Amino acid sequence: KVYHLEVGQPQSGAPPGVCQSARDAIIREQLGYTPSKGLRPLRQKIVKHYRAKASVDVSIERVIVTTGSSGGFLLLFHACFDPGDDVAVGMTCYPCYRNILQAMNVKTTSVPLNSQYKVTAVELRIEIERRRTEGLPKLKGFIQSSPANP
């Protein structure tokens, strides 16, 4: 028996402030498409967040807001990988990583987890050495997120 636990839905609705903002936008008839990179005030707040929380200065031109993680991954993966590339992912990872990469004709390799259910440099090194020994192509990248579901 297979249990699919990778798909989840939030247990709560939108916060009251978000609901009120949506109602206000409908009343003002302020509906339509946003700029392709996202609303500038939101992008500015993201820049400020990274500066305050991580002491990292990020140019607003490098901040892009997507409607969800899969859309962001699609853009990112197309920028980083080409058809035929080999990319490693953890044995357990966000399922859309594999789906998007396979749709792009990018080969995925699953890296086994260690005893703490993680992929570290040790496990990745083992995979790199295995590929070298077996004459397989070098990895073009390794996708890791924590937690595994963005």
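What volume does the largest pocket have? It has a volume of about 400 Å³. The legends below describe a predicted model, in which local features need pLDDT of at least 70, side-chain atom pairs count only at pLDDT 80 or more, and totals for chains, interfaces and linings use all residues. Residues are numbered from 1 along each chain as its sequence is written, and side-chain values use heavy atoms, with hydrogens and water left out.

**View 1. The protein chain as a whole.** Five helices and three strands make up the pattern α-α-α-β-α-β-α-β. Helices (H or I, at least four residues) and strands (E, at least two) are DSSP runs, numbered from the N terminus. The C-alpha trace spans about 65 × 45 × 30 Å along its principal axes. The radius of gyration, taken over C-alpha atoms, is 20 Å. A compact globule of 150 residues would come near 15 Å, by the rule of 2.2 Å times the number of residues to the power 0.38. Buried residues (under 20% relative accessible area, 1.4 Å probe, protein chains only) account for 22% of the chain.

**View 2. The largest pocket.** A pocket is an open set of points on a 1 Å grid over the protein atoms alone, where a 1.4 Å probe fits, with protein on both sides within 12 Å along at least five of seven lines. Points are joined across faces, edges and corners, and the volume is the space filled by probe spheres set on them. Lining residues have an atom within 4 Å of a point. Here they are I46, Y50, V58, R62, V63, I64, V65, G72, L75 and L76. Helix 2 (40-54) and helix 3 (69-80) each supply at least two of them. Helix 3 gives the largest share, three residues. By class, the lining has eight nonpolar, one polar and one charged residues. Ala, Val, Leu, Ile, Met, Phe, Trp, Tyr, Cys and Pro count as nonpolar, Asp, Glu, Lys and Arg as charged, and the others, Gly among them, as polar.

**View 3. E127 in helix 5.** E127 sits in helix 5 (residues 121-133). E127 counts as buried because its relative accessibility is 5%. Beyond its neighbours within four places in sequence, E127 is in contact (heavy atoms within 4.5 Å) with T109, V111 and L139.

**View 4. S55 and Y117, two loop residues with positive phi.** S55 lies in the loop between helix 2 and helix 3. Its phi is near 55°. S55 is exposed (over 50% relative accessible area), at 67%. Y117 belongs to the loop between strand 2 (107-111) and helix 5. Phi of Y117 is about 65°. Y117 is exposed too, at 69%. Neither S55 nor Y117 is a glycine.
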